[in-house]
Amino acid sequence: MRANTMTMRPLTGSIGAEILDLDLRGLDDTRFADIRQAFLDNCMLVFRDQHLNAADLTEFGHRWGETFHTPHATPLDGFPDTIAIRNRGKAGTTTEYWHTDSVFSPRPPALSILAAQTVPPAGGDTMFANQYLAYETLSPGLRALAETLRAGYYRTASMGRVMGDASSAVKTADHPVVRTHPETGRKALYLSYDPTVRLEGFSESESRAIVALFAAHATQPAFCYRHRWQPGDVVMWDNRSAVHFAVHDYGEQERLHFRMTIAGDVPR
Ligand code: SIN
């Protein structure tokens with residue numbers, strides 16, 4: 001390792017890296033460029049012991065691009081680009097499934113950053129799965145099918161997530177199931193693995209069955225990392241090359257993260 005370079009270690013054999021011995025406050029441009037490259041190479045990054053407050057997170061987030069304002073999320077007082085992710089109970093969670101953030105948007109976000117404030121003593125982990133590998137390891141037949149597919153994403157009439165009754169759902173976006181990452185040029189599967197997704201040209205039941213088939217492949221343990229949170233952690237993920245799943249196994253205990261989400265391109 002060359003002197004003065006950052007120290008990084010892989011989190012698994014397939015996804016994620018941890019950056020060690022680094023303070024995210026006040027990074028110089030060279031170090032920021034190293035982090036950007038590590039992010040693109042690994043789909044998600046972990047930084048321990050950062051303890052970023054809303055101002056710190058806002059400053060770090062702005063280095064990545066323009067803010068994506070998540071529909072329905074209320075910003076923190078005084079920080080219009082930062083939101084709080086709180087425990088809303090098992091019944092109220094909208095992130096306990098494999099997804100890529102705000103995929104229902106015509107121009108979904110490129111990346112998301114969470115800064116842990118309070119974490120439960122156990123549980124509340126977040127899992128990540130590498131969607132480049134998911135695409136690259138498809139059988140030739142499934143890969144050829146995936147290349148032809150477009151997925152429609154639906155919201156309720158009030159723009160909430162479709163949870164049960166889908167009768168008032170409206171389509172808000174459709175995206176290719178295989179997208180080319182605009183920065184790396186690599187192809188990845190791009191799907192939220194949700195039974196409400198509708199594949200164009202297929203019946204509802206066919207669509208569910210095909211999405212379930214892709215989900216079983218794309219989220220297999222060999223493509224995954226499971227993050228066990230500690231207070232002060234910062235974790236960021238690339239919504240164009242990874243899906244994630246927030247495990248809700250911590251009852252009513254407090255779990256609070258600050259989050260910034262950065263705008264992306266129309267998937268192609
Ligand atoms: C999310 O899915 O965007 C939130 C992840 C988490 O709460 O761990």
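This passage describes the overall build of the chain and then the surroundings of His248. The structure is a predicted model, so the values below are best read as computed from that model.

The chain holds 16 strands together with five helices. Along the principal axes, its C-alpha atoms fill a box of roughly 55 × 40 × 35 Å. The radius of gyration is 18 Å, which agrees with the value near 18 Å that a compact globule of 268 residues would have. Contacts across the sequence add to this picture: among those in the chain with a separation of 6 or more, 80% come from residues 24 or more positions apart. Of the 268 residues, 54% count as buried.

Turning to the surface, about 11,900 Å² of the chain is exposed, and 52% of this area is supplied by carbon and sulfur atoms. As for charge, there are 31 negative and 27 positive side chains, and a distance of 4 Å separates the centres of the two sets.

With the whole chain in view, a single residue can be considered. His248 sits in a loop, with β15 (242–246) on one side and β16 (256–262) on the other. His248 counts as buried because its relative accessibility is 7%, and buried means under 20%. Leaving aside residues up to four places away in sequence, His248 touches Asn87, Gly89, Lys90, Thr93 and Glu96. With one of these residues, Asn87, there is also a polar contact, made between the two side chains at 2.8 Å.

Note on methods. Residues are numbered from 1 along each chain as its sequence is written. This is a predicted model: local features need pLDDT of at least 70, side-chain atom pairs count only at pLDDT 80 or more; totals for chains, interfaces and linings use all residues. Side-chain values use heavy atoms; hydrogens and water are left out. Helices (H or I, at least four residues) and strands (E, at least two) are DSSP runs, numbered from the N terminus. Buried means under 20% relative accessible area, exposed over 50%, partly exposed in between (1.4 Å probe, protein chains only). A polar contact is a pair of N or O atoms within 3.5 Å; within protein, one must be able to donate a hydrogen and the other to accept it, and residues adjacent in sequence count only if both atoms are side-chain atoms. Contact means heavy atoms within 4.5 Å. The radius of gyration is taken over C-alpha atoms; the globule rule is 2.2 Å times the number of residues to the power 0.38. Accessible areas come from the Shrake-Rupley method with a 1.4 Å probe; for residues, only the protein chains shown count as cover. Lys and Arg count as positive and Asp and Glu as negative; His and the chain ends are not counted. The place of a charge is taken as NZ of Lys, CZ of Arg, CG of Asp or CD of Glu.
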